[in-house]
Amino acid sequence: MITTTEVVDFVRETAPPPAALDRAVAELGRFRQAARRGSDAAPVRALKQVAVRPSSLLWTAWIDGAAAAAVHDRPAWVAVCAAANALAADDAAAAEAIAIGEVVADRIRADLGDAHSESGWSVQATAGAIGAAAAAGRALGLEVGHLHHLVGICATQATGLAAAAETDTGPVQIGKAAANAVEAALLSRNGFTSAAQPLEGRRGLFALMSTLPGAEEQDTEKARPARLGEGWLAMG
């Protein structure tokens with residue numbers, strides 16, 4: 001099971017290989033196209049009506065993320081793309097943040113396991129929130145301490161119901177995961193703190209959201225990469 005420190009180190013120290021960056025560039029383009037196509041969807045129109053500052057970084061991530069999530073041909077991790085798109089200085093930085101964030105989101109989803117979705121959680125919103133945090137932290141170049149608290153702030157807000165997927169709330173909750181990551185990145189950069197072990201702690205994300213009531217503990221080491229980014233080796 002991945003630890004918060006491992007996520008922080010990965011975000012700070014890892015250089016995605018060219019093949020991963022190429023894939024991330026394609027994901028960024030797919031996200032932007034999806035956001036344009038979904039910009040007039042009913043939940044997005046409603047969201048725009050209540051937006052306090054529609055052009056702010058937080059609301060941009062929320063609205064664009066919801067718009068992209070409202071259509072079918074969209075990136076694997078909408079929240080990751082929305083956070084990177086809102087915060088990165090340019091397309092190259094956005095692609096790098098997406099490459100990092102998607103690996104983290106994939107690993108969080110794997111560590112949460114089947115019990116997470118079987119309990120009714122939306123993994124796109126929950127694991128997506130932590131992946132979006134990683135993308136946001138990379139895009140802003142946050143220091144280790146700030147990154148740690150960024151993950152914690154997002155972990156405490158990682159929520160979303162699978163039951164909402166086919167309703168107006170479905171895309172909105174995915175966009176909110178991106179908005180939460182943007183907000184958390186800005187808060188942590190300005191000294192906001194969070195739990196010491198927000199992912200792996202006794203009362204952290206995995207302990208609270210990865211096991212069905214009454215079920216036995218899952219074997220979290222099966223079919224699991226030894227470290228973040230190991231799958232990139234297969235990309236050449």
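Select Arg 23 to begin: this residue is partly exposed, with a relative accessible area of 42%. The model on display is a predicted one. Arg 23 shares a salt bridge with Glu 102, and the N to O distance is 2.6 Å. The two partners belong to distant parts of the chain, since Arg 23 sits in helix α2 (residues 18–37) and Glu 102 in helix α6 (residues 91–118), 79 residues apart. Unlike its partner, Glu 102 is buried, at a relative accessible area of 5%.

**Further salt bridges of α2**

In total, the structure holds seven salt bridges. Select Arg 30 and Glu 27 for another of them, where the closest N and O atoms are 2.0 Å apart. These two residues are three apart within helix α2, so about one helical turn separates them. Arg 30 is partly exposed at 30% relative accessibility, whereas Glu 27 is buried at 4%.

Next, select Arg 32 and Asp 91, whose side chains meet in a salt bridge of 2.9 Å, N to O. Arg 32 lies in α2 and Asp 91 in α6, so this pair ties together parts that are 59 residues apart in sequence. Both ends are partly exposed: Arg 32 has a relative accessibility of 27%, and Asp 91 has one of 43%.

**Helix α2 as a whole**

Now select the full helix α2. This helix has 20 residues and spans 29 Å from its first C-alpha to its last, close to the 28 Å expected at 1.5 Å a residue. Colour Ala 20, Ala 24, Glu 27, Leu 28, Phe 31, Ala 34 and Ala 35, which are the buried residues to inspect here. Why do they lie on the same side of α2? They cover an arc of only 135° around the axis, and therefore share one side of the helix. Turn the view to the other side of α2, where Pro 18, Asp 22 and Arg 36 are exposed. To see what covers the buried residues, add other helices to the selection, including α4 (57–69), α5 (78–87) and α6.

**Asp 64 in α4**

Within helix α4, select Asp 64. Is this residue buried or partly exposed? With a relative accessible area of 24%, Asp 64 is partly exposed, because the limit for a buried residue is under 20%. Apart from neighbours within four places in sequence, Asp 64 is in contact with Phe 31, Ala 35 and Asn 85. Phe 31 and Ala 35 are among the buried residues of α2 coloured above. Then select Ala 83: its C-alpha is 9.4 Å from that of Asp 64, and the two residues are 19 apart in sequence.

**Helix α1**

Move to helix α1 (residues 4–13), and colour its buried residues, Thr 4, Val 7, Val 8, Phe 10 and Val 11. Their arc around the axis is only 165°, so they are on the same side of α1. Show α6, α7 (123–140) and α8 (144–155) as well, because the buried residues of α1 pack against these helices.

**The largest nonpolar core**

In soluble globular proteins, nonpolar side chains tend to be buried together. The largest nonpolar core in this model has 77 residues. Which of them touch the most other members? Select Val 7, Ile 108, Ile 130, Leu 150, Leu 199 and Leu 205 to see them. Helix α6 gives the most to this core, with eleven residues. Centre the view on Ile 108 and leave aside its neighbours within four places in sequence: its contacts are then Ile 2, Ala 127, Ile 130, Leu 199, Leu 205 and Phe 206. Three of these names, Ile 130, Leu 199 and Leu 205, also appear in the selection of core residues that touch the most other members.

**Two cysteines without a disulfide**

Finish with the cysteines. A disulfide is a covalent bond between the sulfur atoms of two cysteines. How many disulfides does the structure hold? The number is zero. Select Cys 81, which is in no disulfide, and whose nearest cysteine sulfur, that of Cys 154, is 15 Å away. Why is there no bond from Cys 154 to Cys 81? Their sulfur atoms are 15 Å apart, too far for a bond; a disulfide requires sulfur atoms within 2.5 Å. Both cysteines are buried, with a relative accessibility of 0% for Cys 81 and 1% for Cys 154.

Technical notes:
Residues numbered from 1 in each chain as written. Predicted model: local features only at pLDDT ≥ 70, side-chain atom pairs only at ≥ 80, totals over all residues. Heavy atoms only, no water. Salt bridge = Lys/Arg side-chain N within 4 Å of Asp/Glu carboxyl O. Helix = DSSP H or I, 4+ residues; strand = E, 2+ residues; numbered from the N terminus. Buried < 20%, exposed > 50% of the residue type's maximum accessible area, 1.4 Å probe, protein only. Core = buried A, V, L, I, M, F, W, Y, C linked by side-chain atoms within 4.5 Å. Contact = heavy atoms within 4.5 Å. Expected span 1.5 Å × (residues − 1). Arc of directions from axis to C-beta.
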